[in-house]
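Trainee: I have a new model on my screen and would like to look closely at one part of it with you. Could you walk me through it?

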Amino acid sequence: DTAIGQFLSCETMASQSQVFRPYRGLGIYCDNLGIRSQVRGTENFFTTSVGKGFHVYNMKLNLVFISKHPLPNNITAITPWQDLTAVAHGRTISVFHRGIITNNLEDHKAEVYQIYVFI
């Protein structure tokens with residue numbers, strides 16, 4: 001059966017690296033953008049997009065934040081910076097501060113797929 005061949009055996013999983021093992025579960029919840037990490041003081045946070053929303057986890061993988069309202073389009077880029085999270089969806093970039101949209105940068109000529117923060 002081809003479906004059975006797609007799963008890893010217990011022996012294969014045991015021989016894989018254990019370095020990032022606790023964080024592999026985040027891959028189940030995030031989409032193709034992956035995970036963005038951020039250091040805030042002594043804490044590490046992970047931000048991941050989930051369709052039209054995003055989640056923030058702390059280093060112990062406790063869910064710290066879930067975006068409350070879905071965006072009009074799927075998220076195409078996401079970047080956390082200090083207390084802000086910049087999220088691109090369609091031709092718009094929305095900037096969130098603790099879950100509240102504080103600014104929208106709209107009407108780009110094409111869909112936004114990358115966000116860079118310059119200090």
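Trainee: In what sense do strand β6 and strand β7 pair, and over how many bridges?

Mentor: Happy to take that one slowly. Please keep in mind that this is a predicted model. Strand β6 covers residues 84-89, strand β7 covers residues 92-97, and the two pair in the antiparallel sense over 6 bridges. If you want one pair to find on your screen, pick Thr-85: its bridge partner in β7 is Phe-96.

Now step back to the sheet around this pair. β6 and β7 belong to an open sheet of 4 strands, in the order β5-β6-β7-β8, with antiparallel pairing. At its edges are β5 (75-81) and β8 (100-105), each of which pairs on one side only. From one strand to the next, the twist averages 20°. As background, strands of a sheet pair through backbone hydrogen bonds, either parallel or antiparallel.

Within β7, Thr-92 is a good residue to stop at, since that strand is where Thr-92 sits. Is Thr-92 buried or exposed? Its relative accessible area is 15%, and the cut-off for buried is under 20%, so Thr-92 counts as buried. Leaving out residues up to four places away in sequence, Thr-92 touches Val-87, Asn-104, Leu-105, Glu-106 and His-108. Of these contacts, Val-87 lies in the β6 range, 84-89, while Asn-104 and Leu-105 fall within β8, 100-105.

For a companion view, turn to the earlier strands. Strand β1 (residues 35-40) and strand β2 (residues 43-50) also pair in the antiparallel sense, over 6 bridges. Their hairpin has 2 residues between the strands, and there Gly-41 takes a positive phi near 70°. Next, β2 is joined by 6 bridges to strand β3 (residues 53-58), again running antiparallel. The hairpin of β2 and β3 has 2 residues between the strands as well, with Gly-51 at a positive phi near 65°. Thr-47 of β2 ties these two pairings together: Arg-36 stands opposite Thr-47, and Thr-47 in turn stands opposite Val-56 in β3.

One last word on confidence. The mean pLDDT of the protein is 77, and 75% of its residues reach 70 or more. Over residues 1-11, however, the pLDDT is below 50, and this stretch has 2 contacts in the model beyond near neighbours in sequence. Where pLDDT is low, the predicted coordinates should not be read in detail.

Technical notes. Residues numbered from 1 in each chain as written. Predicted model: local features only at pLDDT ≥ 70, side-chain atom pairs only at ≥ 80, totals over all residues. Heavy atoms only, no water. Pairing = 2+ DSSP bridges. Axes fitted to C-alpha atoms, helices over the stretch in contact; angles between N-to-C directions. Buried < 20%, exposed > 50% of the residue type's maximum accessible area, 1.4 Å probe, protein only. Contact = heavy atoms within 4.5 Å. pLDDT = per-residue confidence, 0-100.
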